[in-house]
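Open your viewer and get ready to click along. We will go from one stop to the next, and each stop tells you what to select and what to look for.

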Amino acid sequence: MKKKTAAVIISVLVLALVVTGALAVNGWRRADRLGSALALSHDHAFAELVTGMNELDTALRKSLYARSPEMISAVCTDVFGKAMTAQMSLGALPFSTQELEKTAGFISRVGDYAYSLSRAGREYTDEEAQNLRALSETASQLASNFRTLQEELSAGGITMDELDDAERQLDEAEESAVPETLSGGMRLIEEEFPEIPSLIYDGPFSEHIKDSRPKLLESEPLVSEEEARKAAAEFLGMDEDELEPMGLSEGIIPCYYFSCGEMTVEVTERGGVVMNFISSYAPGEANMTAADASAIAASFLAERGYDGMSESYHMIRGGVCTINYAYEQDGVLIYPDLIKVSVALDGGMVVGFESAGYISSHTARDLAEPAVSMEQAREQAGSLSVDGWRLCVIPTAGQHEVLCYEFVCTDSAGGRCIVYVNAETGEQQKILILLEDENGSLTI
């Protein structure tokens, strides 16, 4: 019996080892197949990037020869599309595009600048033509560098790397003039990146945005940390000693940070204005409505000197109602002057306040009379049913402002949207989809 038992045990163990070995071999084969597929995917992504940069180079060169507004719109739209394609291919490579900041930034900037020109509806200015020529020259150089890398990759002079190796190569590329991997070659391209022009246009990459300063604070003096803490205490209705200093932040709007238990508050270094505060308070069961929260928020703002604020929309999440307010001047809603107030629905405590938009934009505007009538502007709503309208100022991508008619509309299927019509040109300026439910309103 003992010998038979031992034989059975040995047989079972042998079988287990065979099965384990087979599974391991299958696992290795599967991992090898996955690794090969991933490598092919990375090779394909780089090939797509090279193709995308070549096509972007060609589209930019075409844009230099366009003269009529119609052709300019067509070729610049094409440049925008090629830039988006190149950007997606860059994001599919096995290393972080954060390490390729100049390349990724250049592609994004070219696309956005071309998109801005495609919507201008006119011929280039001399400055725009010069900018396009400089961008085209840079794109040509990049495309040439990428083609060289692709040739070296095909010839085996460099290899495609995995994510971990890519990050290491990007860090170590500076130590060697001859890259061993694609990521190292890309780092060398970054180091030798040519200068590109400073673009001043109506877009998020415009040079003027970096130099912009908050309008509300332009003539305000710098305040000390102690003065900022006093301002925060008065704003929050608490004793100064309850607020613990946490240092000074940098940025376009430098702020002093303070904490008190579950709450953090930011106060601007210039002017000592509370810009943000947020509490991590977790509300219990709601016992009030959005209208109740709105009344509390409006009173909160009025008590702190924010006059002329008009509610635009609200959203309820996690037992907290956040109400968005915009400044109103002479009956015109100024959307850039935005303030958000958050109210817990289990008792009405204000648990959040944000005024960065208001601080950045608020000033007295010289509002011109609309050049087109409301009836003329309403024609831009087409077959949509207009439920309401008003005059407003909306920001552009380049932080400029446009006076518009705002039409809240409903389509034949019951879908809701907001159509903004430029009050000077009578053309559609912007369209937003309006989503509404029991929790509030959201625009996309």
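Start with C321, which is buried, with a relative accessible area of 0%. Now select C255: this cysteine is buried too, also with a relative accessible area of 0%. How many disulfides does a search of the whole structure find? The search finds zero. As a reminder, a disulfide is a covalent bond between the sulfur atoms of two cysteines.

**The whole chain**

Zoom out for a moment, and keep in mind that this is a predicted model. Colour by secondary structure, and you can look for 11 helices and 13 strands in the protein chain. The chain has 444 residues, and 41% of them count as buried. If you take the contacts between residues at least 6 apart in sequence, 56% join residues at least 24 apart.

**A covered helix**

Next, select residues 182-191, which form helix α6. Is this helix mostly covered or mostly open? Mostly covered: nine of its 10 residues are buried. Among the buried ones you will find L182, G184, M186, R187 and E190.

**Rings that pair up**

Show the aromatic side chains now, since the structure holds 13 aromatic pairs. Pick F80 and Y115: their ring centres are 5.2 Å apart and their planes meet at 40°, so this pair is tilted. The two rings come from distant parts of the chain, with F80 in helix α2 (residues 69-91) and Y115 in helix α3 (residues 101-118), 35 residues apart. F80 is partly exposed at 29% relative accessible area, and Y115 is partly exposed as well, at 37%.

For another pair, move to Y405 and F407. Their ring centres lie 6.1 Å apart with the planes at 20°; that angle is under the 30 degrees used as the limit, so the pair counts as stacked. Y405 is buried at 5% relative accessibility, and F407 is buried at 0%.

**A cluster of rings and an arginine**

Select F235, F277, F300, Y306, F353 and Y358 together. What links them into a cluster? Ring pairs do. Add R304 to the selection and look at its charged end, which sits over the ring of F235, 5.2 Å from the ring centre. R304 also lies over the face of F300, at 3.7 Å from that ring centre.

**Into the cores**

Keep F277 on screen and add V265, L301, Y306, V341, F353 and Y405. In the largest nonpolar core, which has 58 residues, these seven touch the most other members. Apart from that core lies another one, of 43 residues, including V50, A104, A139 and I189. In soluble globular proteins, nonpolar side chains tend to be buried together.

Go back to F277 and show its surroundings. Leaving aside neighbours within four places in sequence, F277 is in contact with residues including L236, M263, V265, F300, V350 and F353.

**Two strands, two serines**

Now find S279 in strand β4 (residues 274-279). This serine counts as buried, at 14% relative accessibility. Its side chain reaches the backbone nitrogen of Y281 at 3.2 Å. Setting aside residues up to four places away in sequence, S279 touches E262, M263 and V351.

Then jump to S385, in strand β9 (residues 385-395). Buried, exposed or partly exposed: which word fits S385? S385 is partly exposed, with a relative accessible area of 40%. Beyond neighbours within four places in sequence, the contacts of S385 are V408, C409 and T410. Draw a distance from the C-alpha of S385 to the C-alpha of F407: the two are 9.4 Å apart in space and 22 residues apart in sequence.

**Last stop: Y405**

Finish at Y405, which sits in strand β10 (residues 401-410). Which backbone oxygen lies 2.7 Å from a polar atom of the Y405 side chain? That oxygen belongs to V372. Next, select Y420, 15 residues from Y405 in sequence, and check the C-alpha to C-alpha distance of 5.6 Å. Y420 is also one of the contacts of Y405 outside its neighbours within four places in sequence, along with others including P370, M374, W389, L391 and V421.

Note on methods:
Residues numbered from 1 in each chain as written. Predicted model: local features only at pLDDT ≥ 70, side-chain atom pairs only at ≥ 80, totals over all residues. Heavy atoms only, no water. Disulfide = S-S within 2.5 Å. Buried < 20%, exposed > 50% of the residue type's maximum accessible area, 1.4 Å probe, protein only. Phe/Tyr/Trp six-rings, centres within 6.5 Å; stacked < 30°, edge-to-face > 60°. Helix = DSSP H or I, 4+ residues; strand = E, 2+ residues; numbered from the N terminus. Lys NZ or Arg CZ within 6 Å of the ring centre and 35° of its normal. Core = buried A, V, L, I, M, F, W, Y, C linked by side-chain atoms within 4.5 Å. Contact = heavy atoms within 4.5 Å. Polar contact = N/O pair within 3.5 Å; in protein donor to acceptor, adjacent residues only side chain to side chain.
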